Amino acid sequence: MSSSSAGPLPGHDDDLPVVAPQLRSLRRRAGLTLEAAARSAGLSPAHLSRLETGQRQPSLPMLLSLARIYGTTVSELLGETVADRDAIVRFADMEPTRAGGWTYWQAGAPGRGMQSLRVRVPYGAQGDIVRVHPGEEWLYVLRGRLRLRLGDTVHLLAPGDSAHFDSLTPHRLAAEDHDGVELLFVHTLLQSPTATLCLGHITGELP
């Protein structure tokens, strides 16, 4: 596993202002040592320590990884709180967050068993990151074309196409066209501190 997949994000230092203290607090709440949490996330303890002290900013896939490991949501990692679990999420209330080149909006209420996101993936952003983790994922292409690799098979999805798969299948997402791709994305959250997600850089491009 390589920790290089969640490097610093130049130009986005203010996008995740509260993520560092939240990462440390939620790790401790989950009863995990720095070493155990780093091992589950495929990171070195030093790299996770830099995330927790604000010296590095995590990418969106890394936020998803840590949320699963700590049995929480990306919203809580970002310090977002709501008074009540409103069933309705208004577009005007969705604040964009940028991480690792991706832009995403919370499309569902925090604290649920599933997390819903609207995601914009630019061309060339993290297309070499392989994701493997327990659970299920569902995605729907809103705009552009998505190149989705599931195991050894590559699928090209156009607007209106969707995919629903077991997340233990190694998978990669990348925009096929230079204009990028926009998705609706739903995944299950595992409420267990032992849940793991692997992020690893693979050399070369998707075939």
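**Exercise 1. Find which helices the buried residues of helix H2 pack against, and decide how far H2 is covered.**

Solution. In this predicted model, begin with the packing: the buried residues of H2 lie against helix H1 (19-29), helix H3 (45-52) and H4. Next, identify the residues concerned, which are Leu-34, Ala-36, Ala-37, Ala-38, Ser-40 and Ala-41. Helix H2 spans residues 34-41, and with six of its eight residues buried, the helix is mostly covered. Finally, look at the residue just after H2, where Gly-42 adopts a positive phi of about 75 degrees.

**Exercise 2. Work out how far helix H4 is enclosed by the rest of the structure.**

Solution. First take the residues of H4 in turn: Leu-60, Pro-61, Met-62, Leu-63, Leu-64, Ser-65, Leu-66, Ala-67, Arg-68 and Ile-69 are buried. A residue counts as buried when its relative accessible area is under 20%. Since 10 of the 10 residues of helix H4 (residues 60-69) are buried, the helix is largely enclosed by the rest of the structure. As a last step, follow the chain beyond H4 to Gly-71, whose phi is positive and near 65 degrees.

**Exercise 3. Trace the strand order of the open sheet of six strands, and describe its pairings.**

Solution. Reading across the sheet, the order is E1-E2-E3-E10-E5-E8, and the pairing is antiparallel. At the edges stand strand E1 (97-99) and strand E8 (162-166), each of which pairs on one side only. On average, and with direction ignored, neighbouring strands of this sheet are turned by 25 degrees against each other.

Now go through some of the pairings one by one.

- Strand E2 (residues 102-106) and strand E3 (residues 114-121) run antiparallel and are joined by four bridges; Gln-106 has Leu-117 in E3 as its bridge partner.
- E5 and strand E10 (residues 181-188) are paired in the antiparallel sense over six bridges, and Val-141 stands opposite Leu-183 in E10.
- Strand E5 (residues 136-143) pairs with E8, also in the antiparallel sense, over five bridges, and the bridge partner of Trp-138 in E8 is His-164.

**Exercise 4. Locate the aromatic pair, classify its geometry, and say whether its two residues are buried or exposed.**

Solution. A search of the whole structure yields one aromatic pair. Trp-138 and Tyr-140 form this pair, with 6.2 Å from centre to centre and 20 degrees between the planes. Planes under 30 degrees apart count as stacked, so the pair of Trp-138 and Tyr-140 is classed as stacked. For the accessibility, the range between 20% and 50% counts as partly exposed. Trp-138 has 29% relative accessibility and is therefore partly exposed, and Tyr-140, at 30%, likewise counts as partly exposed.

A further ring can be examined with a charge beside it: the charged end of Arg-118 sits over the ring of Trp-105, 4.0 Å from the ring centre.

**Exercise 5. Describe the protein chain as a whole: its secondary structure, its buried share, its contacts and its surface.**

Solution. Start with the secondary structure, which comes to five helices and 11 strands. Then turn to burial, where 47% of the 207 residues in the protein chain are buried. For the contacts, consider those between residues at least 6 apart in sequence: 71% of them join residues at least 24 apart. To finish, the accessible surface of the protein chain is about 9,700 Å², and 52% of this surface belongs to carbon and sulfur atoms.

Definitions and conventions: Residues numbered from 1 in each chain as written. Predicted model: local features only at pLDDT ≥ 70, side-chain atom pairs only at ≥ 80, totals over all residues. Heavy atoms only, no water. Pairing = 2+ DSSP bridges. Helix = DSSP H or I, 4+ residues; strand = E, 2+ residues; numbered from the N terminus. Axes fitted to C-alpha atoms, helices over the stretch in contact; angles between N-to-C directions. Buried < 20%, exposed > 50% of the residue type's maximum accessible area, 1.4 Å probe, protein only. Phe/Tyr/Trp six-rings, centres within 6.5 Å; stacked < 30°, edge-to-face > 60°. Lys NZ or Arg CZ within 6 Å of the ring centre and 35° of its normal. Contact = heavy atoms within 4.5 Å. Areas by Shrake-Rupley, 256 points an atom, 1.4 Å probe, with all protein chains shown as cover.
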